[in-house]
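Here's a walk through a few corners of this protein, meant to be read with the structure open beside you. We'll go from sheets to a single arginine and then on to helix pairs.

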Amino acid sequence: MSHDYKETMNLPQTEFPMRAGLTQSEPKRLEKWKEMDLYHQIVAQNEGREPYILHDGPPYANGPIHMGHVFNKVLKDIVVKYHSQRGYYSPYVPGWDCHGQPIEHMVELTLGPEKMAKIDQPTLRRLCREWAEKYVGIQREGFIRLGVLGEWDNPYLTYARSYEVGNVEIFKQLYADGAIYRARKPIHWCSHCHTALAEAELEYSDESSPSVYVAFKLAGAEDRGETEGTVRVEGIGDGQLTDAWILIWTTTPWTLPANVAVALADDANYVLLELAGDNPGFAEKKLLVAEALAEQVAADLGASGFTLVQDEQGETWRARGRELLGLSYLHPIHEDMRGRVVTGAHVELSTGTGAVHTAPGHGQEDYQVGLEYQLPLLMPVDDNGVFDEGGGPFVGMQVDEANPAIIEWLRARGTLIGSKALTHSYPHCWRCHNPVIFRATYQWFVSMDPTGLRAKALAAIGKLNWYPAWASNRMRSMIEDRPDWCISRQRSWGVPIPVFTCDVCGEIVATPATFDAVMALFEREGSDGWFTHTPSEYLPASTTCEVCGASVEHLHPEKDILDVWWESGVSHTSVLRKRDYLHAPAELYLEGSDQHRGWFQSSLLTSVGAYGVAPYKGIMSCGFITDGEGYKMSKSRGNVIDPAEVLETFGADVLRLWVGSIDSATDAGIDNEIIQRTSESYRRIRNSFRFLLSNLYDFNVADIVAYDELLALDRWAVVRTQALFRKVTEGYDEFRFHVAYHAVYDFITRDLSAVYMDALKDRLYSDAPASLERRSAQTALANILEVLVRVLAPILSFTCDEVWDYYPEGLREPERPEAVALAGWPEAPDFAPPIPAADAERIADEFVTLLDVREAVTKALEESGFKKSQQAALVITAPAAISQVLAAQPVQLLPELFIVAEVALETGDGTDILVEVREADGEKCPRCWNYRELGSDPARPEVCARCARVLTELGV
């Protein structure tokens, strides 16, 4: 007689959907979180506990979110959620950088040149504000859709009045300390955007530049006039000077009109080089070059040969750079000018000629040499990058246009010795992407050394926590090498530099009283008031110029605005110190690795300068977004991934899983294939959650089995889960989220799906519902579920909260939190019986051996031809050490672990594990499908003994 035993089995039961449907379910869950005010519940739950503040670096409010935003914001969300689950008070205040050239540039493009020419400054600023407000809203919705929790109803915005006041507070302090000054110095200048640029506003890409060798004729007696103090060099008479030329090499011919000196290496030997060949520039010239570079110069210039000039004794003439100090030469462009030979520590002998063309108005090192030797600072290039009259014959030309003209000018005069194109890395403007130039203009600077700012910043770096650790070296080198910080910009949309100039004598007026008046103005009207009021309307009536005594009516406000890196950098004051539930220094700043020269650095310098301490205790830096092959994303390459499209197709948790799976210290690759693989990984995790939920439908906390009664396989599962929990916690603590994720994923795919769940199905489905065997398995499953749902919640926020909603009724605590984000961290997993440490170590060691044997068994079964492993009986022959481990296991463990009918053990002499597979002696039980002896219970002869016992208990 045949029977349908389905109703007697403990088949899985859960309403947790197999198909995720994230694109539909996630927006509904966001509504739930909004209705329950989840973010503020989390913050309130931990109020009064140890704080952990991650301070948000503000993205530009300019355009919809991109994959870089996704990577950045999800990483921050993981940090905040993890610390909140650990019980830290961790409010997250998102922010936006709302000022600056990127937004002003987009408004200019939208208006067009005709409207821009007519617009007044207050109107332009209003349009910029509206642009920023628009994209703050768009980006905020994008970040919320990603599941990022935060104070979205009260973010910080750099155009907010209270924020703008913080800029003046820090400026006031640094100015009073003497760290801020105005000077005419060379800076990076964008002639398209008409503004100075800081190093952090530059991007580097290859540029083809003209590489030229130019000869400067040394001034002979008739040229230099035999004045007192004329420097003579032994071995060079006036006759020789007539044909002696200094050979320089440069990739910026357009800077030659501003040349005032040639710098030599102080201790290097210099020789006079005579070149042979068809080049007309070689004729009748003795070229002064560094001896170490003479042969290389001859080769680069294509000379057929060369000789070195000899002195009167017939030896190679040579002189140290310092011995040539003070010689003069005829200017290569301006016929009525002379240049000087100087020495400089920056002159190196790896490339060029060892003689460096020096124009203090066009380079930082040149500028420093100019200060040392009191050289004139020529600047013949205007804001548009066009030569004024100081450009001589090139007046009216744009610098790029002038390059070929200057080369031809030199060639016609026989002073061009060589020319070719050179491709090299060159700075470009971060917004318009055009090459920038170095030019001297009056700007405002933060000095790095006179007040000890550089030394204080370097000292602070050594006291911080760095993730990854090597990033501290990068920051240190940038601080060590950086010049004074140019903080002024020639734009309209930003916070003005809060000082005044006297119309009468031109002196700067900036006092504690004027700074306080400006702060009061900004509190009332924001920085817009600077552009709509005269100083006499808000400065104290008693304000006067300290130099000439002119009254307040003779003061006009500074036109330049502050660098946006300064603005975002003072968030430690405008946000952390002004919101009483935050604090400075914050525990963590987290941004891309490019921020070592951007926000990380500007925050450090302004905080150390004003308060003497860093604004953060730790820095976590992450890589950049690339495609799957490591290329930068660009529209021209066609490899841009739009997060909005991924959200519509796969859902936010797939993107969050991608973020969590990446080593954030390296560049993050993403393309359609990677997204598809991530989606498949997500599916495996979801299916594992479903298996756990579906086999705990009738399990209650009261059913937890004590450690001494747990079956061996279940003990191992609990041991592995607790080891996983420790590794995951360590990964989160070290900000190595990919380590935590991969530990979980490997556990799910290797231990859970491939071993434990597979071996467990017989007990779960076939044993009596309340049997020790089944409750033991459920105890382990409940422990696994409790750990996985909480440790994955910072990454898979939507899915883990969904799992939390489908928790079996028997596992719901009386005061159960409404969301998994409120459930805390499983410090001591609630459903895990305590396992003694010694036992845990022994079990872990034994199962290393058991799983090695299982691999051998699996291979043997695959080769045996059996359709079902339950049909098989095994004879395992193994070395003595392995046989001992096998023999020591409870009798039911090996058949269960290997999913076979029987296991016999033999000890072999060799080192290999041998597995013999034969057909089991029993018959297939129609209820559990295991091959066992049937009929041991006369009342139920058609089933195995175990199933007969279960059916009797069930009253079937």
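What is the order of the strands in the open sheet of 3 strands? The order is 22-21-23, and the pairing is antiparallel. Keep in mind as you look that this is a predicted model.

At the edges of this sheet you'll find strand 22 (508-509) and strand 23 (555-557), each of which pairs on one side only. Follow strand 21 (residues 500-502) across to strand 23 and you'll count 3 bridges, in the antiparallel sense. For a landmark, look at Cys502, which sits opposite Leu555 in strand 23.

**The sheet of 4 strands**

There's also an open sheet of 4 strands, again with antiparallel pairing, and here the order reads 5-4-17-19. Strand 5 (195-197) and strand 19 (485-486) take the edge positions; each has a single partner strand, so one side of each has no neighbour in the sheet. Strand 4 (residues 180-190) runs antiparallel to strand 5, and 3 bridges join them. Trp189 faces Ala196 of strand 5. In general, the strands of a sheet are held in pairs by backbone hydrogen bonds, in either a parallel or an antiparallel arrangement.

**Arg439 up close**

Strand 17 (residues 437-446) is where Arg439 lies. Is Arg439 buried or exposed? Its relative accessibility is 5%, and because buried means under 20%, Arg439 counts as buried.

What does the side chain of Arg439 reach at 2.9 Å? That would be the backbone oxygen of Val381. The side chain of Arg439 also makes a polar contact of 3.0 Å with the side chain of Asp383. If you set aside neighbours within four places in sequence, the residues in contact with Arg439 include Lys185, Pro186, Ile187 and Trp189, along with Gly361, His362 and Met379. Trp189 is the residue that stands opposite Ala196 in strand 5, so it's a handy place to link this part of the picture to the sheet edge.

**Two helix pairs**

Now for the helices. Here are two packed pairs, side by side:

| Helix pair | Angle | Axis separation |
|---|---|---|
| Helix 23 (residues 712-733) and helix 24 (residues 737-766) | about 170 degrees | 9 Å |
| Helix 13 (residues 453-461) and helix 14 (residues 471-481) | about 175 degrees | 10 Å |

With that angle, helix 23 is roughly antiparallel to helix 24. Among the residues making the contact are Trp716, Leu724 and Tyr732 of helix 23, and Phe737, Phe747 and Tyr756 of helix 24. By class, the residues of this contact come to 16 nonpolar, 2 polar and 5 charged.

Helix 13 is likewise roughly antiparallel to helix 14, because angles over 145 degrees count that way. On the helix 13 side, Arg454, Ala457, Leu458 and Ile461 make the contact, and they meet Ser472, Met475, Arg476, Ile479, Glu480 and Asp481 in helix 14. The contact of helix 13 with helix 14 has 5 nonpolar, 1 polar and 4 charged residues.

**One last stop**

Ala513 belongs to helix 15 (residues 512-525). With 39% relative accessibility, Ala513 counts as partly exposed. Its C-alpha atom is 8.0 Å from that of Leu539, and the two residues are 26 residues apart along the chain.

Notes: Residues numbered from 1 in each chain as written. Predicted model: local features only at pLDDT ≥ 70, side-chain atom pairs only at ≥ 80, totals over all residues. Heavy atoms only, no water. Axes fitted to C-alpha atoms, helices over the stretch in contact; angles between N-to-C directions. Helix = DSSP H or I, 4+ residues; strand = E, 2+ residues; numbered from the N terminus. Parallel < 35°, antiparallel > 145°, perpendicular 65-115°, else oblique. Contact = heavy atoms within 4.5 Å. Nonpolar A, V, L, I, M, F, W, Y, C, P; charged D, E, K, R; others polar. Buried < 20%, exposed > 50% of the residue type's maximum accessible area, 1.4 Å probe, protein only. Polar contact = N/O pair within 3.5 Å; in protein donor to acceptor, adjacent residues only side chain to side chain. Pairing = 2+ DSSP bridges.
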